[in-house]
Amino acid sequence: MLSYIFAGMIICSLIFAAFSGNITALSSSVLDSSSEAVTLLIKMSGALCMWSGFMRIAKDAGLTEKLSKLFSPFLKKLFPDVDEKSEAFSYMSMNFAANLLGLGNAATPLGLCAMKKLREQSEDDEATDTMVTFVVMNTASIQLLPTTVAVLRRSYGSSSPFDIIFCVWVTSALALFVGLIAAKVGNRLTGKRRILQNRRQVYRWTM
Amino acid sequence: MDYVIPVILSAVALYGLIRKVNIFESFVKGAREGIKTVYVIAPTMIGLLLAVGMVRCSGALDFLTSHLAPFFERLSYPTELLPMAILRPVSGSGATALLTDIYKNFGADSFLSKCASVMAGSTETTFYAVTMYYGSIGIRKIRHTLLSALLADLTAMVMCVVTVSLLM
C-alpha cells in the first residue's frame with residue numbers, strides 16, 4: 001500500500017512536471033526536500049527528546065495509571081480487543097491524553113510505543129482491528145486548544161485568534177466520529193470475511 | 001496560553017519529586033528513547049517528504065485545483081480553500097504555508113481565513129501519521145485505515161465551512 005502511494009506520487013510528479021515545464025524545479029526539489037527532511041528531523045528531535053524525557057518522569061511517577069483511569073471507560077468501548085491492564089492500553093490512553101492537550105511531539109512516541117505493543121499480539125503483517133481504529137484516531141485531531149493556528153492568526157493581525165475554537169471543537173468531533181464509524185464498519189465487514197475463512201478451514205478439517 | 005507548557009513541565013517535575021522518583025535519571029532515560037524514535041522514523045520521513053516535495057513542485061496540485069474548481073463552485077464550496085484541503089492530509093508544513101497565504105491575501109479575520117483556520121485546527125497530517133505508525137512496526141497491509149482517515153478529513157473540510165457559516 002505504502003509502496004504504491006510512494007511510487008504514485010513520484011511518477012505523477014514526473015508526468016506533471018514534464019507537461020507543465022516544471023522539470024527544472026522538480027529536479028532541484030528532489031535534493032532540497034530530502035535535506036529539508038533532515039533539517040526538520042534535527043529540529044523536532046530536541047522537542048521529541050524533551051517530551052519523552054518528561055513523559056518518562058510522569059510514567060515513573062505513576063501518572064500514566066491515573067490518566068489511563070480517567071479515559072479508560074471511553075477507550076475501553078473503542079478498543080474492546082485490548083486488555084485494560086496491558087501496557088498497550090496505558091500507552092494508548094497516554095497517547096490520547098497527549099493529543100487532547102495538543103502535545104503532538106509527545107503523542108507520537110507514545111502512539112508508536114502502543115503500536116509496538118499491539119504488534120506483539122498479531123502474527124502477520126496485516127493491521128488488526130485495534131491498529132486500524134487507533135491509527136484513524138491519531139489521524140483525526142482531538143486537540144482542545146488549536147494553539148499553532150491561533151499563534152499564526154495572531155501574527156497576521158487577528159483581533160481574537162481563538163474565536164474559532166467552538167467551530168474547531170464541533171468540526172473535529174464530527175470528523176473523529178466519522179473516522180471511527182468508518183473504521184468500525186470496515187472492521188466489521190473485513191472481519192466477517194476472515195471468520196468465514198476460518199470456518200471453512202474448520203469445516204474442511206472436520207470433513 | 002504561554003503558560004500551558006511550562007506549567008505542565010513544572011507539574012510533572014514536582015509530581016515526580018513528591019513520588020520520590022529520581023527525575024533527572026528518568027528524564028535522561030526518556031530522552032534516550034526519544035532519540036531512538038528519531039533514528040527509527042528518519043528514513044520514513046525522508047522518503048515521504050521527498051515524494052511530497054516532488055508533488056508540490058511538479059504543478060500536479062495546481063492542475064488538480066484548477067480542474068476541480070468548476071465542480072466545487074457548483075457545490076458553493078470556496079475554491080480558495082481547495083489547495084489547502086488537498087495538501088492538508090499530505091503535508092503539515094505545506095498546508096501551514098498555504099494557510100498563511102490565505103491570511104496574507106484575505107486578512108486573518110475574514111470568512112475564508114476562519115474556515116481555513118478551523119480546517120487546520122481540526123485535521124492532522126493523515127498520510128504522515130499512517131506511514132509513521134505502520135512503518136515503525138512493519139505492517140504492510142493497512143486494510144481500510146487510509147479510507148476511514150480520509151473520510152474524517154473530508155468531513156472536516158466540509159464542516160469547517162458549515163460551522164463558520166452557521167456558528168460565527
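# Chat about a two-chain helical model

Q: Hi! Before the details, how far do contacts in chain A reach along the sequence, counting residues at least 6 apart?
A: Of those contacts in chain A, 59% join residues at least 24 apart in sequence. Keep in mind that this is a predicted model.

Q: Noted. What secondary structure does chain A have?
A: Chain A has eight helices and zero strands. Along the sequence the pattern reads α-α-α-α-α-α-α-α.

Q: And how much of chain A is buried?
A: 40% of the 207 residues of chain A count as buried.

Q: Let's go to the interface. How many residues of each chain are in contact?
A: On the chain A side there are 80 residues, in contact with 81 residues of chain B.

Q: Which helices of chain A supply at least two residues each to that side?
A: Helix 1 (2-20), helix 2 (23-60), helix 5 (104-121), helix 6, helix 7 (147-155) and helix 8 (165-206) of chain A. The largest share comes from helix 2 of chain A, with 22 residues.

Q: What's the make-up by class on the chain A side?
A: The side of chain A that touches chain B has 46 nonpolar, 25 polar and nine charged residues.

Q: Can we zoom in on one helix pair? How do helix 6 of chain A and helix 8 of chain B cross?
A: Sure! The axes of helix 6 (residues 129-139) of chain A and helix 8 (residues 145-167) of chain B come within 9 Å and cross at roughly 30 degrees. Angles under 35 degrees count as roughly parallel, so helix 6 of chain A and helix 8 of chain B are roughly parallel to each other.

Q: Is that crossing left-handed or right-handed?
A: Right-handed, as helix 6 of chain A passes helix 8 of chain B.

Q: Which residues meet there?
A: From helix 6 of chain A, V132(A), V135(A), V136(A) and T139(A) meet T145(B), S148(B), A149(B) and A152(B) of helix 8 of chain B. By class, this contact has five nonpolar, three polar and no charged residues.

Q: Any reason for steps of three or four in lists like that?
A: Here's the general rule: an α-helix has 3.6 residues a turn, so residues three or four places apart point the same way.

Q: Switching to chain B. How is it divided into domains?
A: Chain B has domain 1 (1-41) and domain 2 (59-167). The C-alpha centres of these two domains of chain B lie 33 Å apart.

Q: Is helix 7 of chain B mostly covered or mostly open?
A: Mostly covered: 10 of the 10 residues in helix 7 (residues 126-135) of chain B are buried. Among them are F127(B), Y128(B), Y133(B) and Y134(B).

Q: Where is G16(B), by the way?
A: G16(B) is in helix 1 (residues 4-18) of chain B. G16(B) counts as buried because 24 C-beta neighbours are inside 10 Å.

Q: What does G16(B) touch, beyond residues up to four places away in sequence?
A: I57(A), D60(A) and A61(A) from chain A, plus V21(B), I23(B) and S26(B). As for S26(B), its C-alpha atom is 9.4 Å from that of G16(B), and the two residues are 10 apart along the chain.

Q: Last thing: what is phi of K20(B)?
A: Phi of K20(B) is near 55 degrees, a positive value in a residue other than glycine. K20(B) lies in the loop between helix 1 and helix 2 (23-58) of chain B, and K20(B) counts as exposed because 8 C-beta neighbours are inside 10 Å.

Q: And S76(B), what's its phi?
A: Near 50 degrees, a positive value too. S76(B) sits in the loop between helix 3 (60-74) and helix 4 (82-87) of chain B, and S76(B) is exposed, with 8 other C-beta atoms within 10 Å.

How values were computed: Residues numbered from 1 in each chain as written. Chains lettered and ligands numbered in written order. Predicted model: local features only at pLDDT ≥ 70, side-chain atom pairs only at ≥ 80, totals over all residues. Axes fitted to C-alpha atoms, helices over the stretch in contact; angles between N-to-C directions. Helix = DSSP H or I, 4+ residues; strand = E, 2+ residues; numbered from the N terminus. Parallel < 35°, antiparallel > 145°, perpendicular 65-115°, else oblique. Left-handed = near helix turned anticlockwise from the far one by under 90°. Contact = placed C-beta atoms within 7 Å. Nonpolar A, V, L, I, M, F, W, Y, C, P; charged D, E, K, R; others polar. Buried ≥ 20, exposed ≤ 12 C-beta atoms within 10 Å, placed from the backbone. Domains from an automatic or database assignment.
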